[in-house]
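Me: I have a model open and want to go through some local geometry. Can you take my questions one at a time?

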Amino acid sequence: MALCVYRLSPHVVRRWASTAAAVPLSEPISFVHFTPESASKRPAEGVKVSKLTNGVTVASVETSSVTTHVSVFVKAGSRYEGYERQGLSHLLRNCAFLATNDRTAFRVAREIDAIGGTLTATSSREHVIYSSDVLKGNLNAVMSTLGNIISSSKFQPWEVDDQKVRMELELAQFRSDPTQVVLEELHKVAYRNALSNPLYCSSFNLPRLNNKDLKSFVEEWYTGKRMTIVGLGTNHEDLKKAASTYFGSISEGLRSAEEQAEYVGGGEVRLPSADPLTYATVACKGVSLSSDSKELLAAGVLQHVLGAVSYIKWGSGTSTSRLSKAAAAATTDAPFQVSAININYSDSGLFGMSVVCPGSVAGKVLKSAVLEFGEVTKGNVSNEDLVRAKNQLKANIALSTESSAALIDDIGIQLTIKGSYLSMGETFKQIDTLTKEDVVKVARTVFSTRPTLVASGNLSSTPRIDHLMSGVSLK
């Protein structure tokens, strides 16, 4: 593929430099004409949303970019698998771009390569997401490919079996990451159903899953009412027309009964290993995405009150993070990392803390962090903490939307779960109205539920959940 890059001639660069040197910097360069109106700006146009006759939601934002990004969100994540089919969404994302009724896998790849595009498939507990980036002007081509893949994949047995080899590698990579393992175990022990289903297929269940399972799962959950198509850098009417052409034949489908996630809590999983570090997470029932937006945003502010991540590279975080301050006071010179976690799903959530530290000080770090949680539930939140947390949350939202992938995820998830989109400006207004009482109320609600503990690595000083919570007052 030829790549055309525009460069100034070195002779022009030298001449420009010599000319500019003779002119005061306060004076405009005579041969460069610029007005504010000529600058490339992102238009103020908001998110446009339509719905096809078969229930597919179509949303777009025209960004005046030279590229177009399209993602198709399907509410068919791991929570919908059922016990016998656990791991199926993991297999499904690996089989995303295989042969269809009209195309071979080779043709799918060649057609996307020919227009300089990309295809990716990801999955979560809520969604399977198919995405593509292409140069502007290729919307119909990529929508044709995505529509064909989603509506008529053949899942031929030999192609499916080939993907299982790669999945074994992904499983090995997953098991080598203690933070990922702890997070997965947290979901398993915190929930009785639905959200307890793993993101990765287990080694024992992988041989059982086959192409028939994939076909029946797609037939059941890949319906119009469960799909949202989001486009960035495209005209809304063009996207709607393409969606109608290539997704219009998908069945509207009956709204399948969705099992509500049931938080249990109170459990504990310990995974000792030779690792000198302790990886631990303590979490309670958090706030769901379908909750009142005020409560959801208050949970976000609460996370930043306690300390989400370090905002200074290589910094300790002790200047602003209350959890880091508490942990630093409880230990001497031992390194550690502690942050509040806030995970939200359509009908539930997890809120708590994540700790990584040497095994010898894990007990002190965990206890100090839990005690700090208790301080917040008692109302010990200063105005300075509140203002800082609000600003950090707004900055985090604003910076994330600078990324096309993050913006498209935000739009797609809001529309598939809530059926509406709350813009960044409206979100900021709601954050500004939050009070200390709103944040403390959420903290008390969260920490009144039974906590769950998962720890991996050196557990020599990691307390049991009952000992960890003993003596901690949340009122």
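Reply: The crossing of α3 and α4 is left-handed, meaning that the near helix is turned anticlockwise from the far one by less than a right angle (clockwise would be right-handed). Helices here are DSSP runs of H or I with at least four residues, strands are E runs of at least two, and both are numbered from the N terminus.

Me: Which residues make that contact?

Reply: Val108, Glu111 and Ile112 of α3 meet Val142, Thr145 and Ile149 of α4. Contact means heavy atoms within 4.5 Å.

Me: What is the angle between α3 and α4?

Reply: About 160°, with the axes 10 Å apart. Axes are lines fitted to C-alpha atoms, for helices over the stretch in contact, and angles run from 0 to 180 degrees between N-to-C directions. The pair is therefore roughly antiparallel, a label for angles over 145 degrees.

Me: What kind of model is this, and how are residues numbered?

Reply: It is a predicted model, where local features need pLDDT of at least 70, side-chain atom pairs count only at pLDDT 80 or more, and totals for chains, interfaces and linings use all residues. Residues are numbered from 1 along each chain as its sequence is written, and side-chain values use heavy atoms, with hydrogens and water left out.

Me: Switching to α13. Where does the side chain of Thr416 make polar contacts?

Reply: One is with the side chain of His127, at 2.8 Å. The Thr416 side chain also reaches the backbone oxygen of Gly412 at 2.9 Å. A polar contact is a pair of N or O atoms within 3.5 Å; within protein, one must be able to donate a hydrogen and the other to accept it, and residues adjacent in sequence count only if both atoms are side-chain atoms.

Me: Is Thr416 buried or exposed?

Reply: Buried, with a relative accessible area of 11%. The cut-off for buried is under 20%, exposed is over 50%, and partly exposed lies in between (1.4 Å probe, protein chains only).

Me: What do the buried residues of α13 pack against?

Reply: Strands β1, β2, β3 and β6, plus helix α12. Those buried residues include Leu407, Ile411 and Leu415.

Me: New topic. Which residue in the loop between α4 and α5 has a positive phi?

Reply: Phe155 sits in that loop, and its phi is about 50° although it is not a glycine. Phe155 counts as buried, at 6% relative accessibility.

Me: And what about Ala194?

Reply: Ala194 also has a positive phi, near 50°. It is found in the loop between α6 and α7 and is buried at 3% relative accessibility.

Methods
Parallel < 35°, antiparallel > 145°, perpendicular 65-115°, else oblique.
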